[in-house]
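This report introduces a protein chain to a reader who has not met it before. Please keep the sequence and the model in view while reading.

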Amino acid sequence: MVRGRDACWEHCVLVDGARQKVRCNYCHREFSGGVYRMKFHLAQIRNKDIVPCTEVPNNVRDVIQGILSTPRKQKASRRQKVEHVANGQENSSSASGGPTPIVDLANRTDNADKKIALFFFYNAIPFSAATSTYYQEMVDAIAECGLGYKAPTSEKLRCNLLEKVKADVNDTYKKLRYEWQETGCTVLCNCWSDGRTKSLVVFSVTCPKGTIFLRSIDVSSHADDAHLLFGLLESVVLEVGVESVVQVLTDSADSYAYAGKLLMDKYPSIFWSPCASHCITMMLEDLSKLEWVSTVLEEATTIAKYIYSNEWILNTTRKFTSGMELLRPKISSYVANFLSLRFLVLQEENLKHMFSHTEWLASSASRRPDAQLIKSMLNAEQFWSSAREAVSISEPLVKIHRILEGDMPAMGYLYEGIERAKISIKTYYNGITERYMPIWDIIERRWNMHFTSPLHSAAAFLNPSIFYGLSFKADLRMRNGFQEAMMKLATKDTDKIEITKEHPVYVNAHGALGTEFATKGRTLNAPGDWWAAYGYEIPTLQRFAIRILSQPCSSQWCRWNWSNFENLHSKRLNRAEIDKLSDLVFNVLMSSRSTNEMHVCLSDVASAVPDTLEKLPIERGTSGFNFKKCLRDVLFLLRAERKMWICA
């Protein structure tokens, strides 16, 4: 009789009645003490010597947690008992002992999903908010509170909770400041302009442990004033600490370059560098201006537009290409163009097969003039020959771009990456000078124009995976760059003397640097981590190597939603509202747990102050489904329904 009344018996089996030993149906672990202790195991709650189950389904875990959170003395009504008996008969477990879900769990889950969806739709929250790491954490925290939990009011969110979260964020900020003393940091200065009168800059600070947002400033009337920009950069450097800042990354525009020069003149230990990702993008832009490259990119764009112009054509293409996507909307247009071209080259045979398949030939789309044009382009050998060549010479640069925008500091890889890209292009053309030199000229012109800083060559020299490579040869520029960088960073004579003594130890891999673990770690560990693990016998050079190799080369680590910044800076707010908004921006951006989360949408922040943004955030779909119309219709119905509730 006891087994029939306890829902937990659906998920475990009695092994020994005398000792009350039960076995979990999921991980098959056995416990003494009866079904009560098994509940803690299934609910993944640690209790004395109970080990949480790692195989239990989430829906079962949630149900058991709900049972444990319900007071024991609470009795169900007669109607509930009747429903429970009926449900038990309908969902009784089979003779094999397999677990059966509780009947109304699916209904409760579906109802919860719809409530969450209503909250998203009615408040015009972007669907991408559901991908936030805080989204599921919020839901889990609410579930742990059990029935009766009351969500915080708008006033509590604006005041008490805002201050509490800000205090937590400040603790994180203090921890990062401590990291800056060890690894150094980079000040990122991202700029944006609408092409007319509006110009904004956003300052943030990054190190291997994370990136933090500092402030955004409207410089619309002073975008080209190098002295004003120098003052802004200097104020940020002083706030962070001159001794912690290794480099300042900005745009490559003349005004920012001059402001960076002024900063280095006043603070000799700081390097100024332009964004390397932007430099690679400009190399690809120059490459796309070559006549034959421009032609093949235009043809590829025509093919891509045709595929994405119709939902049926797009779905058919995905079917024949195993679901691969042709467009890359979250990266710069020039990089995206070459990636799309690479997709076409990889799917050449599949695309040709699709346009000759009976399924395509039987469709009405195949008989249209534009379809015939696309088919003729796909069957032209000249297009595929040029496409393969364009992909081969652009791929080395695209790979560098991918490394620069990754999560790992790429300072130690940029210099060598450019050299290897040139060698790869030369090899593709079999060393024929008149073929590869035009491409080399494009790369070298941009490199010599923007990358005069010794920091990149010093980082390559200190990167063990490069320096100890069998084919490595330190050129004159790399050796001079290393010495110049050390002279800037080592401001004390004692440090310079120690570096002079320790340099041969690194060059010859003596002591700990030559052990078996250190040798394997040259290619397995990140350069900064390798120095931290094995450079302890040369501590002075170790300290500066870690500070150099821990820096990024790209300011694109943070992708800002500039349209929301523009809306926020265009609001007319009083002093109290500005302070409140400042706290919100600080909390939201500082709470981002990785650089990939720094593109956070600020429409939610804007809603905390008067004059809320009325634009509905629309996420563009790749199919023919009209998200914009659907969301606006749903929002209209919800608001109309809310008005009827109020009238009632």
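The report passes from the chain as a whole to its aromatic pairs, charges over rings, cavities and selected residues.

## Basis of the description

The model is predicted, and local features need pLDDT of at least 70, side-chain atom pairs count only at pLDDT 80 or more, and totals for chains, interfaces and linings use all residues. Residues are numbered from 1 along each chain as its sequence is written, and side-chain values use heavy atoms, with hydrogens and water left out.

## The chain as a whole

The chain contains 31 helices and 8 strands. These elements are DSSP runs numbered from the N terminus (helices: H or I, at least four residues; strands: E, at least two). Of the 648 residues in the chain, 42% are buried. A residue is called buried under 20% relative accessible area, exposed over 50%, and partly exposed in between (1.4 Å probe, protein chains only).

The chain exposes about 35,400 Å², and carbon and sulfur atoms supply 54% of this area. Accessible areas come from the Shrake-Rupley method with a 1.4 Å probe, and for residues only the protein chains shown count as cover. Among contacts between residues at least 6 apart in sequence, 65% join residues at least 24 apart; a contact means heavy atoms within 4.5 Å.

## Aromatic pairs

A search of the whole structure finds 21 aromatic pairs. Rings of Phe, Tyr and Trp (its six-membered ring) pair if their centres lie within 6.5 Å; planes under 30 degrees apart count as stacked, over 60 as edge-to-face and the rest as tilted.

Tyr415 and Trp447 form an edge-to-face pair, because their ring centres are 6.1 Å apart and their planes stand at 65 degrees. Tyr415 belongs to helix α19 (residues 414-428) and Trp447 to helix α20 (residues 433-450), so the pair ties together parts that are 32 residues apart in sequence. Tyr415 is buried at 3% relative accessibility, and Trp447 is buried with a relative accessible area of 7%.

Phe461 and Phe467 also make an edge-to-face pair, with 4.9 Å from centre to centre and 65 degrees between the planes. Phe461 is buried, at a relative accessible area of 2%, and Phe467 is buried at 10%. Both residues belong to one aromatic cluster, whose members also include Tyr468, Phe472, Phe482, Tyr506, Trp530, Trp531 and Tyr534.

## Charges over rings

Lys422 lies over the face of Trp440, at 4.9 Å from the ring centre. Lys488 lies over the face of Phe271, at 5.0 Å from the ring centre. A charge sits over a ring if NZ of Lys or CZ of Arg is within 6 Å of the ring centre and within 35 degrees of the ring normal.

## Cavities

Rolling a probe the size of a water molecule over the atoms shows where empty space is left. A search of the whole structure finds 2 cavities of 30 Å³ or more. On a 1 Å grid over the protein atoms alone, a cavity is a set of points where a 1.4 Å probe fits but cannot get out, and lining residues have an atom within 4 Å of a point. Grid points are joined across faces, edges and corners, and a volume is the space filled by probe spheres set on the points.

The second largest cavity has a volume of about 40 Å³. Its lining residues include Ile307, Tyr308, Met324, Glu325 and Phe343. Helix α13 (residues 311-320) gives the most to this lining, with 3 residues.

## Selected residues

The table lists four residues with their places and relative accessibility.

| Residue | Place | Relative accessibility |
|---|---|---|
| Gln181 | helix α8 (residues 160-183) | 53%, exposed |
| Asn337 | helix α14 (residues 333-346) | 31%, partly exposed |
| Gln44 | loop between α2 (35-42) and α3 (58-69) | 31%, partly exposed |
| Asn430 | loop between α19 and α20 | 68%, exposed |

Leaving aside neighbours within four places in sequence, Gln181 is in contact with Ser244 and Arg547. The C-alpha atoms of Gln181 and Val245 are separated by 8.9 Å, although these residues are 64 residues apart along the chain. Asn337 and Leu297 are 40 residues apart in sequence and 6.9 Å apart in space, C-alpha to C-alpha.

For the two loop residues, the backbone angle phi is of interest. Phi of Gln44 is near 60 degrees, a positive value in a residue other than glycine. Asn430 likewise has a positive phi, near 55 degrees, and is a residue other than glycine.

Technical notes
On a 1 Å grid over the protein atoms alone, a cavity is a set of points where a 1.4 Å probe fits but cannot get out, and a pocket is an open set with protein on both sides within 12 Å along at least five of seven lines; lining residues have an atom within 4 Å of a point.
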